[in-house]
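Subject: Structure for you to look at

Hello,

Here is the structure I said I would pass on. My notes on what was found in it follow below the display.

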Amino acid sequence: MSKKGLILIVSGPSGCGKGTVLHEVLGSREDVYYSISATTRAPRPGEENGVHYHFITKEDFEKLIAEDAMLEHAEYCGNYYGTPKQPILDHYAAGDVVILEIEVQGAKQVMEKLPQAVSLFIAPPDLEVLEHRLRKRGTEEEETIQKRLAQAKEELTHLSDYDYVIVNAALEDAVDDLQAILRAERCRTEKCCK
Ligand code: 5GP
């Protein structure tokens, strides 16, 4: 029996550690497709075009929206972010686990367009921990850190829109939780349709 695809939306405030949790889980699975978003923000040191993001201009981003090539898109802290649609549909049809690491506005659009998608919110234990993690990362200016913290408070109010929540206090536990969610969702029958 071939496996049905699974679309997993993963949101969580900047600095909550969702990238690290996802990386740990993706590394050990072969049936996972990690969506590569398009963004108008500048690459951080070490980020590669076509690997971490498709780094594109605002004009090109708006062209993709006009061509209906985006599954969802949103503005976050002054930049556009969006999910190219076709790779998602192709990998879903092929039976893969498709991971969309996106913020809350985009997540809402995907929940509406693809109600079969499973959604997960990764939360920090508290806002102090989040601030500490954002500063430790050392990739953002003070103004950006403040914007991202304000955004985090807003994002946390959307937690109850999601199917699952993982509080990322200890990485190992968060990874275990995500593995468990994936394992259970991969065993789901057709009976339950949200
Ligand atoms: P960062 O600039 O830290 O890479 O990402 C900022 C926020 O944008 C994060 O919450 C991240 O999950 C979100 N994000 C990344 N790609 C997309 C996307 O394609 N669509 C939306 N809506 N959000 C995204």
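Strand β3 (residues 38–39) pairs with β6 in the antiparallel sense, over two bridges. Within that pairing, Thr39 stands opposite Tyr81 of β6. Please keep in mind that this is a predicted model.

The pairing of β3 and β6 belongs to an open sheet of four strands, in the order β4-β3-β6-β5 and with mixed pairing. The edges are taken by β4 (54–55) and β5; each has a single partner strand, so one side of each is left without a neighbour in the sheet. On the β5 side, six bridges join β5 to strand β6 (residues 79–84), and the two run antiparallel. Two of the residue pairs are easy to find: Glu72 stands opposite Thr83 in β6, and Tyr76 has Asn79 in β6 as its bridge partner. As for cover, β6 is mostly covered, with five of its six residues buried.

The hairpin of β5 and β6 has two residues between the strands. Cys77 lies in this loop between β5 and β6, and has a positive phi of about 50 degrees although it is not a glycine. Most residues other than glycine have a negative phi. Asp68 also takes a positive phi, near 60 degrees, and is likewise a residue other than glycine. You will find Asp68 in the loop between α2 (58–66) and β5.

Another loop residue to look at is Glu47, in the loop between β3 and β4. Is Glu47 buried or exposed? Its relative accessible area is 18%, and the limit for a buried residue is under 20%, so Glu47 counts as buried. The side chain of Glu47 reaches the backbone nitrogen of Arg44 at 2.8 Å. Leaving aside neighbours within four places in sequence, Glu47 is in contact with Arg41, Ala42, His52, Tyr53 and Phe55.

Next, the ligand. There are 16 residues around the ligand, and those that come nearest are Ser37, Arg41, Tyr53, Tyr81 and Glu103. Arg41 and Tyr53 are thus among the residues nearest the ligand and also among the contacts of Glu47. Three polar contacts can be given with distances:

- Tyr81: an N or O atom in the side chain is 2.6 Å from an oxygen atom of the ligand.
- Glu72: a polar side-chain atom lies 2.7 Å from a nitrogen atom of the ligand.
- Glu101: a polar backbone atom is 3.4 Å from an oxygen atom of the ligand.

Taken alone, the ligand exposes 510 Å², and the protein buries 95% of that. Two of these residues have come up above in the sheet: Tyr81 stands opposite Thr39, and Glu72 stands opposite Thr83.

Now to β7 and the strands joined to it. Strand β7 is mostly covered, as four of its five residues are buried. Five bridges join β1 to β7, and these two strands run parallel; here Leu6 has Val97 in β7 as its bridge partner. Strand β2 (residues 32–34) is joined to β7 by three bridges, also in parallel. In that case the bridge partner of Tyr33 is Val98 in β7.

The last element is helix α4 (residues 104–113). Glu103, listed above among the residues nearest the ligand, caps the N-terminal end of α4: a side-chain oxygen of Glu103 lies 3.0 Å from the backbone nitrogen of Gln105. Which residues of α4 are buried? They are Val104, Gly106, Ala107 and Val110. Seen down the axis of α4, these buried residues fall within an arc of 155 degrees, so they line one face of the helix. An α-helix has 3.6 residues a turn, so residues three or four places apart point the same way. The buried residues of α4 pack against four strands and a helix, namely β1 (6–11), β5 (70–76), β7 (97–101), β8 (118–123) and α6 (142–156).

If you want a place to start, open the view on Tyr81, which has a side-chain N or O atom 2.6 Å from an oxygen atom of the ligand, and go from there to β3 through Thr39, which stands opposite Tyr81.

Regards

Conventions: Residues numbered from 1 in each chain as written. Predicted model: local features only at pLDDT ≥ 70, side-chain atom pairs only at ≥ 80, totals over all residues. Heavy atoms only, no water. Buried < 20%, exposed > 50% of the residue type's maximum accessible area, 1.4 Å probe, protein only. Arc of directions from axis to C-beta. Contact = heavy atoms within 4.5 Å. Polar contact = N/O pair within 3.5 Å; in protein donor to acceptor, adjacent residues only side chain to side chain. Near = heavy atom within 4 Å. Areas by Shrake-Rupley, 256 points an atom, 1.4 Å probe, with all protein chains shown as cover. Pairing = 2+ DSSP bridges.
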